[in-house]
Amino acid sequence: MAAPARRNLLGVARGWRRFERLWAGSLSSRSLSLAAAPANKGSPWRLLGALCLQRPPVVSKPLTPLQEEMAALLQQIEIEKSLYSDHELRALEESERLERKKADSYDEDDDRDDILLVQDLEDMWEQTFLQFKPGARITEADEKNDRTSLHRKLDRNLILLVREKLGDQDVWMLPQAEWQPGETLRGTAERTLATLSENNMEAKFLGNAPCGHYKFKFPQAMRTESNLGAKVFFFKALLLTGDFSQAGKKGHHVWVSKEELGDYLKPKYLAQVRKFLLDF
Amino acid sequence: MFSSWVDLRGFRTFALTQLLQRLTLRLFSSGAGHSVLCLRNNTIFKQAFSLLKFKASGENPIYSAGGILLSTSRHYKSKPTHAIGRYQHLIKAEEPKKKRGKVEVRAINLGTDHEYCVLNIHLTAYDMTLAESYAQYVHNLCNDLSIKVEESYAMPTKTMEVMRLLDQGNKMVLDSVLTTHERVVQISGLSATFAEIFLEIIQSNLPEGVTLSVREHTEEDFKGRFKARPELEELLAKLN
(Lines give C-alpha, C1' and ligand atoms only; values in the text may rest on other atoms or scores of the structure.)
Protein backbone atom coordinates (compact mmCIF):
# COMPACT_ATOMS: atom_id res chain seq x y z
CA MET A 1 0.00 0.00 0.00
CA ALA A 2 2.68 2.36 1.04
CA ALA A 3 5.07 1.35 -1.72
CA PRO A 4 2.78 2.16 -4.66
CA ALA A 5 1.89 5.47 -3.05
CA ARG A 6 5.52 6.33 -2.79
CA ARG A 7 6.12 5.23 -6.33
CA ASN A 8 3.37 7.55 -7.49
CA LEU A 9 5.05 10.46 -5.80
CA LEU A 10 8.35 9.44 -7.26
CA GLY A 11 6.77 9.10 -10.66
CA VAL A 12 5.48 12.63 -10.39
CA ALA A 13 8.77 14.10 -9.42
CA ARG A 14 11.15 11.86 -11.31
CA GLY A 15 10.19 13.57 -14.50
CA TRP A 16 13.71 13.33 -15.72
CA ARG A 17 13.31 9.62 -16.23
CA ARG A 18 10.12 10.07 -18.13
CA PHE A 19 11.69 11.31 -21.28
CA GLU A 20 12.46 7.73 -22.14
CA ARG A 21 8.76 7.01 -22.19
CA LEU A 22 7.52 10.26 -23.67
CA TRP A 23 7.58 9.79 -27.36
CA ALA A 24 5.93 12.44 -29.53
CA GLY A 25 7.26 15.08 -27.11
CA SER A 26 5.99 18.56 -27.36
CA LEU A 27 6.25 20.70 -30.40
CA SER A 28 6.30 24.36 -29.85
CA SER A 29 7.22 27.08 -32.21
CA ARG A 30 10.33 28.29 -30.53
CA SER A 31 13.42 29.38 -32.28
CA LEU A 32 16.53 29.52 -30.21
CA SER A 33 18.98 32.23 -30.87
CA LEU A 34 21.79 30.03 -29.61
CA ALA A 35 22.42 28.35 -32.93
CA ALA A 36 26.17 28.67 -32.52
CA ALA A 37 26.32 26.63 -29.30
CA PRO A 38 27.87 23.17 -29.60
CA ALA A 39 25.54 20.18 -29.62
CA ASN A 40 26.11 17.00 -27.62
CA LYS A 41 28.31 14.38 -29.14
CA GLY A 42 26.14 11.81 -30.82
CA SER A 43 22.87 13.18 -29.51
CA PRO A 44 20.85 15.68 -31.50
CA TRP A 45 19.38 17.20 -28.34
CA ARG A 46 20.70 20.24 -26.57
CA LEU A 47 20.69 20.23 -22.80
CA LEU A 48 19.53 23.20 -20.76
CA GLY A 49 19.43 23.55 -17.01
CA ALA A 50 16.61 25.68 -15.64
CA LEU A 51 16.06 27.07 -12.19
CA CYS A 52 12.76 27.02 -10.34
CA LEU A 53 13.43 29.55 -7.61
CA GLN A 54 10.76 29.52 -4.92
CA ARG A 55 10.23 31.97 -2.15
CA PRO A 56 8.72 29.91 0.67
CA PRO A 57 5.66 31.32 2.46
CA VAL A 58 6.37 33.78 5.26
CA VAL A 59 3.03 33.55 7.01
CA SER A 60 0.74 30.58 7.52
CA LYS A 61 -2.55 30.38 5.68
CA PRO A 62 -5.71 31.58 7.40
CA LEU A 63 -7.97 28.84 8.72
CA THR A 64 -11.09 27.78 6.87
CA PRO A 65 -14.43 28.30 8.70
CA LEU A 66 -14.59 24.60 9.57
CA GLN A 67 -11.08 24.68 11.00
CA GLU A 68 -11.94 27.78 13.02
CA GLU A 69 -14.98 26.12 14.55
CA MET A 70 -13.02 22.99 15.34
CA ALA A 71 -10.21 24.96 16.90
CA ALA A 72 -12.63 26.90 19.07
CA LEU A 73 -14.36 23.72 20.20
CA LEU A 74 -11.09 21.99 21.08
CA GLN A 75 -9.92 25.05 22.96
CA GLN A 76 -13.11 25.11 24.99
CA ILE A 77 -12.84 21.41 25.81
CA GLU A 78 -9.23 21.88 26.87
CA ILE A 79 -10.08 24.79 29.16
CA GLU A 80 -12.92 22.91 30.79
CA LYS A 81 -10.83 19.80 31.35
CA SER A 82 -7.72 21.56 32.62
CA LEU A 83 -6.71 22.25 36.20
CA TYR A 84 -6.06 25.68 37.67
CA SER A 85 -2.65 27.18 37.03
CA ASP A 86 -0.53 28.91 39.70
CA HIS A 87 -1.70 32.31 38.59
CA GLU A 88 -5.36 31.36 38.80
CA LEU A 89 -4.93 29.76 42.22
CA ARG A 90 -3.29 32.93 43.46
CA ALA A 91 -6.18 34.96 42.04
CA LEU A 92 -8.70 32.77 43.87
CA GLU A 93 -6.81 33.06 47.17
CA GLU A 94 -6.64 36.81 46.90
CA SER A 95 -10.30 37.20 46.11
CA GLU A 96 -11.13 35.07 49.16
CA ARG A 97 -8.86 37.18 51.33
CA LEU A 98 -10.44 40.39 50.10
CA GLU A 99 -13.88 39.06 50.95
CA ARG A 100 -12.73 38.11 54.43
CA LYS A 101 -11.30 41.58 54.91
CA LYS A 102 -14.59 43.12 53.94
CA ALA A 103 -16.39 40.86 56.37
CA ASP A 104 -13.91 42.08 59.00
CA SER A 105 -13.28 38.63 60.39
CA TYR A 106 -9.55 37.91 59.92
CA ASP A 107 -7.85 41.21 59.75
CA GLU A 108 -4.59 40.60 61.58
CA ASP A 109 -3.99 36.97 60.70
CA ASP A 110 -3.34 37.14 57.05
CA ASP A 111 -2.35 40.69 56.46
CA ARG A 112 0.28 40.25 53.87
CA ASP A 113 1.39 43.22 51.91
CA ASP A 114 1.65 42.10 48.39
CA ILE A 115 3.20 44.70 46.20
CA LEU A 116 1.42 43.45 43.19
CA LEU A 117 -1.98 41.91 43.31
CA VAL A 118 -3.05 39.54 40.64
CA GLN A 119 -5.44 42.13 39.33
CA ASP A 120 -2.64 44.66 38.89
CA LEU A 121 -0.54 42.13 37.03
CA GLU A 122 -3.37 41.37 34.68
CA ASP A 123 -3.94 45.06 34.01
CA MET A 124 -0.27 45.54 33.21
CA TRP A 125 -0.32 42.63 30.80
CA GLU A 126 -3.44 43.97 29.13
CA GLN A 127 -1.70 47.28 28.55
CA THR A 128 1.34 45.70 26.92
CA PHE A 129 -0.91 43.54 24.77
CA LEU A 130 -2.82 46.52 23.45
CA GLN A 131 0.42 48.17 22.46
CA PHE A 132 1.44 45.18 20.34
CA LYS A 133 0.42 45.40 16.68
CA PRO A 134 0.82 42.29 14.52
CA GLY A 135 2.13 42.69 10.97
CA ALA A 136 -0.26 42.98 8.08
CA ARG A 137 -1.17 39.83 6.18
CA ILE A 138 -2.21 41.69 3.08
CA THR A 139 0.60 43.97 2.09
CA GLU A 140 0.70 46.98 -0.13
CA ALA A 141 2.07 44.98 -2.99
CA ASP A 142 -1.02 42.78 -2.81
CA GLU A 143 -3.27 45.75 -3.14
CA LYS A 144 -1.36 47.23 -6.01
CA ASN A 145 -0.87 43.80 -7.57
CA ASP A 146 2.75 44.58 -8.12
CA ARG A 147 4.06 41.27 -9.33
CA THR A 148 7.71 42.16 -9.32
CA SER A 149 7.80 42.57 -5.55
CA LEU A 150 8.65 39.79 -3.13
CA HIS A 151 6.31 41.03 -0.40
CA ARG A 152 3.24 39.86 -2.14
CA LYS A 153 1.15 36.86 -1.12
CA LEU A 154 2.95 36.08 2.09
CA ASP A 155 1.19 32.77 2.59
CA ARG A 156 1.98 31.26 -0.82
CA ASN A 157 5.02 30.00 -2.71
CA LEU A 158 6.25 32.53 -5.25
CA ILE A 159 8.17 31.41 -8.32
CA LEU A 160 10.49 33.51 -10.41
CA LEU A 161 9.73 33.92 -14.10
CA VAL A 162 11.88 35.75 -16.61
CA ARG A 163 11.14 37.10 -20.01
CA GLU A 164 13.63 36.29 -22.67
CA LYS A 165 13.94 36.74 -26.37
CA LEU A 166 14.05 33.56 -28.35
CA GLY A 167 14.59 34.35 -31.98
CA ASP A 168 11.89 36.85 -32.76
CA GLN A 169 9.55 36.10 -29.87
CA ASP A 170 9.41 37.29 -26.32
CA VAL A 171 8.72 34.33 -24.12
CA TRP A 172 8.09 34.07 -20.40
CA MET A 173 9.81 31.10 -18.84
CA LEU A 174 11.85 29.90 -15.90
CA PRO A 175 15.45 31.16 -16.05
CA GLN A 176 17.63 28.71 -17.89
CA ALA A 177 21.11 28.33 -19.28
CA GLU A 178 22.85 26.02 -21.69
CA TRP A 179 24.70 23.09 -20.23
CA GLN A 180 28.44 23.14 -20.74
CA PRO A 181 30.39 19.91 -20.82
CA GLY A 182 32.30 19.35 -17.62
CA GLU A 183 29.67 20.64 -15.22
CA THR A 184 26.67 18.97 -13.67
CA LEU A 185 23.16 20.07 -14.58
CA ARG A 186 22.73 21.41 -11.09
CA GLY A 187 25.87 23.46 -11.67
CA THR A 188 24.15 24.93 -14.72
CA ALA A 189 21.19 25.92 -12.58
CA GLU A 190 23.47 27.54 -10.00
CA ARG A 191 25.23 29.41 -12.76
CA THR A 192 21.86 30.69 -13.97
CA LEU A 193 21.13 31.97 -10.49
CA ALA A 194 24.45 33.72 -10.23
CA THR A 195 24.17 35.43 -13.59
CA LEU A 196 20.56 36.47 -12.98
CA SER A 197 20.97 37.93 -9.58
CA GLU A 198 24.57 39.13 -9.90
CA ASN A 199 25.29 37.26 -6.68
CA ASN A 200 22.65 39.10 -4.69
CA MET A 201 20.39 36.17 -4.06
CA GLU A 202 21.11 33.15 -1.89
CA ALA A 203 19.22 30.00 -2.54
CA LYS A 204 19.29 26.53 -1.09
CA PHE A 205 19.17 23.58 -3.43
CA LEU A 206 17.58 20.67 -1.67
CA GLY A 207 19.02 17.95 -3.86
CA ASN A 208 21.07 17.10 -6.91
CA ALA A 209 18.27 15.56 -8.91
CA PRO A 210 16.08 17.59 -11.26
CA CYS A 211 12.42 17.85 -10.39
CA GLY A 212 10.98 18.07 -13.88
CA HIS A 213 11.80 18.26 -17.53
CA TYR A 214 10.53 19.74 -20.77
CA LYS A 215 11.40 18.63 -24.24
CA PHE A 216 10.79 20.57 -27.39
CA LYS A 217 11.85 20.40 -31.00
CA PHE A 218 13.05 23.35 -32.98
CA PRO A 219 10.89 24.62 -35.80
CA GLN A 220 11.56 23.03 -39.18
CA ALA A 221 13.64 25.91 -40.38
CA MET A 222 16.16 25.53 -37.63
CA ARG A 223 16.46 21.78 -37.54
CA THR A 224 19.64 20.14 -38.72
CA GLU A 225 21.10 16.66 -38.48
CA SER A 226 22.70 17.26 -35.14
CA ASN A 227 20.30 19.90 -33.81
CA LEU A 228 16.89 18.42 -33.36
CA GLY A 229 15.67 20.22 -30.28
CA ALA A 230 16.39 20.87 -26.67
CA LYS A 231 15.64 19.30 -23.33
CA VAL A 232 15.23 21.50 -20.31
CA PHE A 233 15.74 20.09 -16.81
CA PHE A 234 14.29 22.00 -13.89
CA PHE A 235 15.97 22.26 -10.50
CA LYS A 236 14.18 23.48 -7.43
CA ALA A 237 15.75 25.92 -5.03
CA LEU A 238 14.39 27.77 -2.02
CA LEU A 239 15.19 31.45 -1.75
CA LEU A 240 16.88 32.33 1.51
CA THR A 241 17.80 35.98 1.21
CA GLY A 242 18.22 38.65 -1.36
CA ASP A 243 16.27 39.97 -4.26
CA PHE A 244 16.90 41.57 -7.60
CA SER A 245 18.61 44.91 -7.41
CA GLN A 246 16.13 47.63 -8.22
CA ALA A 247 18.36 49.23 -10.80
CA GLY A 248 18.08 46.16 -12.97
CA LYS A 249 15.87 45.70 -15.98
CA LYS A 250 12.21 46.25 -15.27
CA GLY A 251 9.47 44.22 -16.79
CA HIS A 252 11.76 41.26 -17.30
CA HIS A 253 11.12 39.33 -14.14
CA VAL A 254 8.07 38.49 -12.13
CA TRP A 255 7.31 36.59 -8.92
CA VAL A 256 4.12 34.60 -9.36
CA SER A 257 2.15 32.04 -7.44
CA LYS A 258 0.90 28.80 -8.93
CA GLU A 259 -2.46 30.12 -10.15
CA GLU A 260 -0.95 33.08 -11.93
CA LEU A 261 1.49 30.92 -13.88
CA GLY A 262 -1.15 30.40 -16.51
CA ASP A 263 -1.04 34.11 -17.36
CA TYR A 264 2.54 33.85 -18.44
CA LEU A 265 3.56 30.41 -19.58
CA LYS A 266 2.70 28.53 -22.73
CA PRO A 267 0.26 25.64 -22.15
CA LYS A 268 2.59 22.67 -22.71
CA TYR A 269 5.39 24.25 -20.76
CA LEU A 270 2.93 25.13 -18.04
CA ALA A 271 1.66 21.57 -17.86
CA GLN A 272 5.15 20.24 -17.22
CA VAL A 273 5.98 22.93 -14.69
CA ARG A 274 2.82 22.45 -12.68
CA LYS A 275 3.67 18.80 -12.16
CA PHE A 276 6.50 19.48 -9.79
CA LEU A 277 5.06 22.40 -7.88
CA LEU A 278 3.98 21.45 -4.38
CA ASP A 279 1.43 23.98 -3.39
CA PHE A 280 -1.31 23.81 -0.84
CA MET B 1 -23.17 -42.30 14.22
CA PHE B 2 -21.17 -45.55 14.20
CA SER B 3 -21.98 -46.38 10.64
CA SER B 4 -19.67 -43.55 9.86
CA TRP B 5 -16.74 -45.79 10.90
CA VAL B 6 -17.35 -47.85 7.82
CA ASP B 7 -17.81 -44.81 5.64
CA LEU B 8 -14.46 -43.51 6.69
CA ARG B 9 -12.43 -46.33 5.23
CA GLY B 10 -11.54 -44.13 2.32
CA PHE B 11 -10.05 -41.39 4.52
CA ARG B 12 -6.54 -41.79 5.69
CA THR B 13 -6.33 -38.70 7.75
CA PHE B 14 -5.54 -39.31 11.33
CA ALA B 15 -7.23 -36.13 12.39
CA LEU B 16 -10.63 -37.38 11.42
CA THR B 17 -10.10 -40.68 13.20
CA GLN B 18 -8.98 -38.70 16.19
CA LEU B 19 -12.13 -36.63 16.14
CA LEU B 20 -14.34 -39.66 15.95
CA GLN B 21 -12.40 -41.36 18.72
CA ARG B 22 -12.96 -38.34 20.92
CA LEU B 23 -16.65 -38.34 20.13
CA THR B 24 -16.94 -42.03 20.93
CA LEU B 25 -15.02 -41.50 24.15
CA ARG B 26 -17.54 -38.85 25.11
CA LEU B 27 -20.35 -41.23 24.42
CA PHE B 28 -18.63 -43.81 26.56
CA SER B 29 -18.23 -41.48 29.48
CA SER B 30 -21.72 -40.02 29.34
CA GLY B 31 -23.76 -43.17 28.67
CA ALA B 32 -25.29 -45.45 31.34
CA GLY B 33 -23.84 -48.93 32.06
CA HIS B 34 -26.15 -50.94 29.87
CA SER B 35 -25.95 -48.60 26.92
CA VAL B 36 -22.21 -48.49 27.32
CA LEU B 37 -21.90 -52.23 26.89
CA CYS B 38 -24.18 -52.18 23.92
CA LEU B 39 -22.20 -49.43 22.35
CA ARG B 40 -18.96 -51.17 23.16
CA ASN B 41 -20.08 -54.37 21.53
CA ASN B 42 -21.13 -52.39 18.56
CA THR B 43 -17.85 -50.56 18.32
CA ILE B 44 -15.74 -53.71 18.66
CA PHE B 45 -17.73 -55.41 15.96
CA LYS B 46 -17.48 -52.37 13.75
CA GLN B 47 -13.83 -52.00 14.47
CA ALA B 48 -13.08 -55.57 13.51
CA PHE B 49 -14.90 -54.89 10.29
CA SER B 50 -13.18 -51.61 9.71
CA LEU B 51 -9.85 -53.18 10.69
CA LEU B 52 -10.11 -55.49 7.72
CA LYS B 53 -11.11 -52.63 5.50
CA PHE B 54 -8.18 -50.59 6.67
CA LYS B 55 -5.79 -53.47 6.16
CA ALA B 56 -7.07 -53.95 2.69
CA SER B 57 -6.52 -50.35 1.82
CA GLY B 58 -3.01 -50.43 3.23
CA GLU B 59 -3.73 -48.34 6.31
CA ASN B 60 -1.68 -49.01 9.42
CA PRO B 61 -3.91 -51.05 11.68
CA ILE B 62 -2.17 -50.12 14.95
CA TYR B 63 -4.60 -47.29 15.59
CA SER B 64 -7.70 -49.28 15.07
CA ALA B 65 -6.38 -52.61 16.38
CA GLY B 66 -6.00 -51.66 20.04
CA GLY B 67 -9.29 -49.88 20.14
CA ILE B 68 -10.12 -46.29 20.75
CA LEU B 69 -8.89 -46.24 24.33
CA LEU B 70 -5.41 -47.47 23.52
CA SER B 71 -4.64 -45.18 20.60
CA THR B 72 -3.03 -41.95 21.71
CA SER B 73 -2.10 -38.74 20.05
CA ARG B 74 1.66 -39.17 19.97
CA HIS B 75 3.46 -38.05 16.81
CA TYR B 76 6.36 -40.44 16.28
CA LYS B 77 9.28 -39.39 14.17
CA SER B 78 8.74 -42.24 11.76
CA LYS B 79 5.07 -41.56 11.32
CA PRO B 80 3.68 -39.20 8.72
CA THR B 81 2.31 -36.97 11.44
CA HIS B 82 5.75 -36.08 12.70
CA ALA B 83 6.12 -32.37 13.56
CA ILE B 84 2.48 -31.74 12.82
CA GLY B 85 2.09 -28.81 15.18
CA ARG B 86 5.31 -26.99 14.34
CA TYR B 87 4.92 -23.23 13.84
CA GLN B 88 8.02 -21.52 15.22
CA HIS B 89 9.67 -21.70 11.80
CA LEU B 90 6.89 -19.57 10.36
CA ILE B 91 7.25 -16.70 12.82
CA LYS B 92 9.97 -14.08 12.37
CA ALA B 93 12.44 -14.56 15.19
CA GLU B 94 12.84 -11.36 17.22
CA GLU B 95 16.44 -10.34 17.67
CA PRO B 96 17.39 -9.83 21.31
CA LYS B 97 17.53 -6.07 22.00
CA LYS B 98 20.98 -4.90 22.93
CA LYS B 99 21.11 -2.10 25.43
CA ARG B 100 23.71 -0.02 23.61
CA GLY B 101 22.98 -1.19 20.10
CA LYS B 102 23.26 1.39 17.38
CA VAL B 103 23.00 1.37 13.61
CA GLU B 104 25.57 3.43 11.78
CA VAL B 105 25.23 3.11 8.06
CA ARG B 106 27.48 5.09 5.79
CA ALA B 107 26.02 6.78 2.74
CA ILE B 108 25.53 3.95 0.29
CA ASN B 109 26.43 4.79 -3.28
CA LEU B 110 24.21 2.78 -5.55
CA GLY B 111 24.96 4.27 -8.92
CA THR B 112 22.50 7.07 -9.49
CA ASP B 113 20.61 6.28 -6.30
CA HIS B 114 22.51 7.63 -3.40
CA GLU B 115 21.12 6.91 0.00
CA TYR B 116 21.56 9.03 3.03
CA CYS B 117 22.85 7.58 6.25
CA VAL B 118 20.79 7.81 9.42
CA LEU B 119 19.17 11.24 9.62
CA ASN B 120 17.74 13.00 12.66
CA ILE B 121 14.78 15.31 12.22
CA HIS B 122 14.68 17.67 15.21
CA LEU B 123 11.45 19.51 15.93
CA THR B 124 11.71 22.17 18.63
CA ALA B 125 8.89 24.27 20.03
CA TYR B 126 7.84 26.07 23.19
CA ASP B 127 4.48 24.35 23.00
CA MET B 128 4.75 20.65 23.83
CA THR B 129 1.46 19.59 22.23
CA LEU B 130 2.50 21.25 18.98
CA ALA B 131 5.92 19.60 18.89
CA GLU B 132 4.45 16.22 19.69
CA SER B 133 1.65 16.39 17.20
CA TYR B 134 3.99 17.46 14.42
CA ALA B 135 6.42 14.69 15.31
CA GLN B 136 3.48 12.32 15.08
CA TYR B 137 2.63 13.73 11.64
CA VAL B 138 6.21 13.28 10.40
CA HIS B 139 6.30 9.73 11.72
CA ASN B 140 3.03 8.85 9.98
CA LEU B 141 4.25 10.50 6.78
CA CYS B 142 7.40 8.36 6.85
CA ASN B 143 5.33 5.23 7.40
CA ASP B 144 3.10 6.08 4.46
CA LEU B 145 6.06 6.84 2.20
CA SER B 146 7.75 3.60 3.35
CA ILE B 147 10.77 5.36 4.79
CA LYS B 148 12.18 3.33 7.65
CA VAL B 149 11.84 5.09 11.00
CA GLU B 150 14.58 3.80 13.27
CA GLU B 151 13.55 5.64 16.42
CA SER B 152 11.31 8.42 17.60
CA TYR B 153 12.37 9.93 20.88
CA ALA B 154 12.27 13.12 22.93
CA MET B 155 15.22 15.13 24.13
CA PRO B 156 15.14 16.44 27.70
CA THR B 157 13.13 19.63 28.22
CA LYS B 158 15.07 22.85 28.64
CA THR B 159 13.63 25.45 30.99
CA MET B 160 14.38 29.12 30.53
CA GLU B 161 13.47 31.81 33.04
CA VAL B 162 12.83 35.18 31.52
CA MET B 163 13.74 37.94 33.95
CA ARG B 164 12.63 41.49 33.43
CA LEU B 165 14.26 44.56 34.83
CA LEU B 166 11.80 46.59 36.90
CA ASP B 167 11.20 50.21 35.95
CA GLN B 168 12.16 51.46 39.40
CA GLY B 169 15.41 50.12 40.75
CA ASN B 170 17.80 47.38 39.76
CA LYS B 171 15.70 44.46 40.82
CA MET B 172 15.12 41.69 38.31
CA VAL B 173 11.69 40.19 38.43
CA LEU B 174 10.69 36.82 37.12
CA ASP B 175 8.57 37.51 34.09
CA SER B 176 7.91 34.08 32.67
CA VAL B 177 9.19 30.54 32.47
CA LEU B 178 9.68 29.13 28.99
CA THR B 179 10.10 25.43 28.37
CA THR B 180 11.66 24.26 25.11
CA HIS B 181 10.58 20.82 23.96
CA GLU B 182 12.40 18.81 21.34
CA ARG B 183 11.25 15.72 19.51
CA VAL B 184 13.47 13.67 17.24
CA VAL B 185 12.45 11.33 14.45
CA GLN B 186 15.31 9.16 13.23
CA ILE B 187 15.05 7.83 9.70
CA SER B 188 17.26 5.80 7.42
CA GLY B 189 17.17 4.70 3.81
CA LEU B 190 16.20 8.01 2.29
CA SER B 191 17.19 8.11 -1.36
CA ALA B 192 18.70 11.33 -2.66
CA THR B 193 16.08 11.80 -5.35
CA PHE B 194 13.28 11.49 -2.85
CA ALA B 195 14.95 13.48 -0.10
CA GLU B 196 14.27 16.70 -1.98
CA ILE B 197 10.53 16.15 -2.13
CA PHE B 198 10.37 14.85 1.43
CA LEU B 199 12.20 17.86 2.84
CA GLU B 200 9.98 20.22 0.91
CA ILE B 201 6.84 18.54 2.22
CA ILE B 202 8.05 18.73 5.80
CA GLN B 203 9.11 22.34 5.46
CA SER B 204 5.90 23.56 3.86
CA ASN B 205 3.75 21.78 6.44
CA LEU B 206 5.54 23.22 9.46
CA PRO B 207 3.12 24.80 11.91
CA GLU B 208 3.82 28.19 13.50
CA GLY B 209 6.18 28.00 16.40
CA VAL B 210 7.99 24.82 15.39
CA THR B 211 11.60 24.87 14.19
CA LEU B 212 12.85 22.15 11.92
CA SER B 213 16.41 20.87 11.78
CA VAL B 214 17.55 17.86 9.78
CA ARG B 215 21.00 16.58 10.70
CA GLU B 216 23.04 13.47 10.28
CA HIS B 217 23.21 11.20 13.27
CA THR B 218 26.55 11.40 15.05
CA GLU B 219 28.20 9.87 18.11
CA GLU B 220 27.64 13.07 20.10
CA ASP B 221 23.94 12.97 19.30
CA PHE B 222 23.82 9.41 20.53
CA LYS B 223 25.82 10.06 23.69
CA GLY B 224 23.96 13.28 24.46
CA ARG B 225 20.89 11.30 25.35
CA PHE B 226 22.55 9.57 28.29
CA LYS B 227 22.70 11.13 31.74
CA ALA B 228 26.00 12.41 32.99
CA ARG B 229 27.60 10.10 35.55
CA PRO B 230 29.71 12.23 37.90
CA GLU B 231 31.07 9.30 39.97
CA LEU B 232 32.34 7.52 36.88
CA GLU B 233 33.93 10.71 35.62
CA GLU B 234 35.60 11.29 38.99
CA LEU B 235 37.03 7.79 39.01
CA LEU B 236 38.30 8.16 35.46
CA ALA B 237 39.89 11.48 36.38
CA LYS B 238 41.59 9.81 39.36
CA LEU B 239 42.90 7.04 37.15
CA ASN B 240 44.34 9.54 34.67
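In this predicted model, A:Cys211 counts as buried, because its relative accessibility is 7%, and B:Cys142 is likewise buried, with a relative accessible area of 0%. A disulfide is a covalent bond between the sulfur atoms of two cysteines. The count over all chains comes to zero disulfides. A:Cys211 is in no disulfide, since the nearest cysteine sulfur, that of A:Cys52, is 5.8 Å away, whereas a disulfide needs the two sulfur atoms within 2.5 Å.

We can turn next to the aromatic rings, which form nine pairs over all chains. In one of them, the ring centres of A:Tyr214 and A:Tyr269 are 4.9 Å apart and the planes stand at 85°, so this pair is edge-to-face. The pair joins distant parts of the chain, for A:Tyr214 belongs to strand S7 and A:Tyr269 to helix H8 of chain A, 55 residues apart. Both A:Tyr214 and A:Tyr269 are buried, and ring pairs link them into a cluster that also includes A:Phe216, A:Phe218, A:Phe234 and A:Phe276.

In chain B, the rings of B:Tyr134 and B:Tyr137 have centres 5.5 Å apart and planes at 20°, so they are stacked. These two residues lie in helix H5 of chain B, three residues apart, about one turn of the helix; B:Tyr134 is buried at 4% relative accessible area, while B:Tyr137 is partly exposed at 32%.

Finally, the second largest pocket holds about 790 Å³ of space. Among its 20 lining residues, A:Leu116, A:Leu121, A:Met124, B:Val173 and B:Leu174 lie nearest the centre, and H5(A) gives the most to the lining, with five residues.

Methods:
Residues numbered from 1 in each chain as written. Chains lettered and ligands numbered in written order. Predicted model: local features only at pLDDT ≥ 70, side-chain atom pairs only at ≥ 80, totals over all residues. Heavy atoms only, no water. Buried < 20%, exposed > 50% of the residue type's maximum accessible area, 1.4 Å probe, protein only. 1 Å grid on protein atoms, 1.4 Å probe; cavity = no way out; pocket = protein on both sides within 12 Å on 5 of 7 lines; lining within 4 Å. Points joined across faces, edges and corners; volume = space filled by probe spheres on them. Helix = DSSP H or I, 4+ residues; strand = E, 2+ residues; numbered from the N terminus. Phe/Tyr/Trp six-rings, centres within 6.5 Å; stacked < 30°, edge-to-face > 60°.
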